[in-house]
Amino acid sequence: MSRREDILAALVATLDTALSARVRRNEVLPEKAPAEGLVILRDGDPGEPDVTFNPRTEFYVHRVELEVYVPRDPSGGGEAALDQLLGAIGAALRVDETLGGLAENLTPSAPETGALAIEGGAPVLTARLVVTVEYLVSDPLIH
């Protein structure tokens, strides 16, 4: 697998192990959020690399998106559950900021939060955050 794919798989595994919420990759949004919450990792954009020569090395600053969903309580609450899940994501990402040596660094952004009305379903609270992963490769398609 490529370094990019190894990193994305490691991110999913890290979150899946640490969170009680379901963690999926590049999934479509279901009609309702599970009670424990849902995190969808979107592969994002590796951007244009900085290239050095001798030996050729490409440095990527890859922006991976995390979408976080929790059901809204019928009484209008749920913000505390969303906040708790976001805190758990932050704690999981801080355990190993190199993902076992695959990355140079990873940095989560502050989340953008909101609410989403789903036709025929209960509303959900949402958060979107970007995890910036910095890594080096000698060939972006192989390593």
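**Stop 1: alanine 115 and strand β7**

Select alanine 115 together with leucine 125: in this predicted model, leucine 125 of β7 is the bridge partner of alanine 115. Widen the selection to strand β6, residues 112-116, and to β7, residues 124-137. These two strands run antiparallel and are joined by 5 bridges.

Keep β7 displayed and add β5, residues 105-108. The pairing of β5 with β7 is likewise described as antiparallel, over 4 bridges. One place to look is threonine 107, whose bridge partner in β7 is threonine 132.

Next, add β4, residues 57-71. β4 and β7 pair in the antiparallel sense, and 14 bridges are found between them. Now colour β7 by accessibility: the strand is mostly covered, with 11 of its 14 residues buried. In a regular strand, side chains alternate between the two faces of the sheet.

**Stop 2: valine 70**

Select valine 70, which is placed in strand β4. Which residue of β7 is the bridge partner of valine 70? The partner is leucine 125, the residue that also served as bridge partner of alanine 115.

Is valine 70 buried or exposed? Valine 70 counts as buried because its relative accessibility is 4%, and the cut-off for burial is under 20%. Show its surroundings, leaving out neighbours within four places in sequence: valine 70 is in contact with Ala33, Gly37, Gly78, Ala81, Leu82, Leu85, Val124 and Leu125. A distance may also be drawn from the C-alpha atom of valine 70 to that of threonine 126; the separation is 6.6 Å, although these positions lie 56 residues apart in the numbering of the chain.

**Stop 3: the nonpolar cores**

Turn to the interior and select Leu15, Val39, Val68, Ile89 and Val133. These residues have the most contacts inside the largest nonpolar core, which has 32 residues. At least two residues of this core come from each of α1, β2, β4, α2 and β7. The greatest contribution is that of β7, with 7 residues.

Centre the view on isoleucine 89. Beyond residues up to four places away in sequence, isoleucine 89 touches Leu15, Leu19, Val39, Leu66 and Val68. Apart from the largest core lies another, of 6 residues; select Ala33, Leu38, Ile118 and Val124, which are among them.

**Stop 4: helix α1**

Select residues 3-18, which form α1. This helix has 16 residues, and the span from its first C-alpha to its last is 22 Å, close to the 22 Å expected at 1.5 Å a residue. Highlight Ile7, Leu8, Ala10, Leu11, Val12 and Leu15, which are buried in α1. An α-helix has 3.6 residues a turn, so residues three or four places apart point the same way. Against which elements do the buried residues of α1 pack? They pack against β1, β2, β4, α2, β5 and β7.

**Stop 5: the loops**

Move to the loop between β3 and β4, where asparagine 54 is found; proline 55 lies in this loop as well. The peptide bond from asparagine 54 to proline 55 is cis, with omega near -5°. Asparagine 54 also has a positive phi, near 65°, and is not a glycine. Most residues other than glycine have a negative phi, and most peptide bonds are trans. Asparagine 54 is classed as exposed because its relative accessible area is 75%, where the cut-off is over 50%.

Select leucine 99 next, in the loop between α2 and β5. Leucine 99 is not a glycine either, yet its phi is positive, at about 50°. Is leucine 99 buried or exposed? Leucine 99 is buried, with a relative accessible area of 9%.

Then select glycine 47, in the loop between β2 and β3. Glycine 47 counts as partly exposed, at 29% relative accessibility. Its C-alpha atom is separated by 6.9 Å from that of tyrosine 60, which is 13 residues apart from glycine 47 along the chain.

**Stop 6: confidence**

Finally, colour the model by pLDDT. The protein averages 92, and 99% of the residues score at least 70. Confidence is given as highest in strand β1, residues 22-25, at 97, and lowest in strand β6, at a mean of 93.

Technical notes. Residues numbered from 1 in each chain as written. Predicted model: local features only at pLDDT ≥ 70, side-chain atom pairs only at ≥ 80, totals over all residues. Heavy atoms only, no water. Core = buried A, V, L, I, M, F, W, Y, C linked by side-chain atoms within 4.5 Å. Buried < 20%, exposed > 50% of the residue type's maximum accessible area, 1.4 Å probe, protein only. Contact = heavy atoms within 4.5 Å. pLDDT = per-residue confidence, 0-100. Pairing = 2+ DSSP bridges. Expected span 1.5 Å × (residues − 1).
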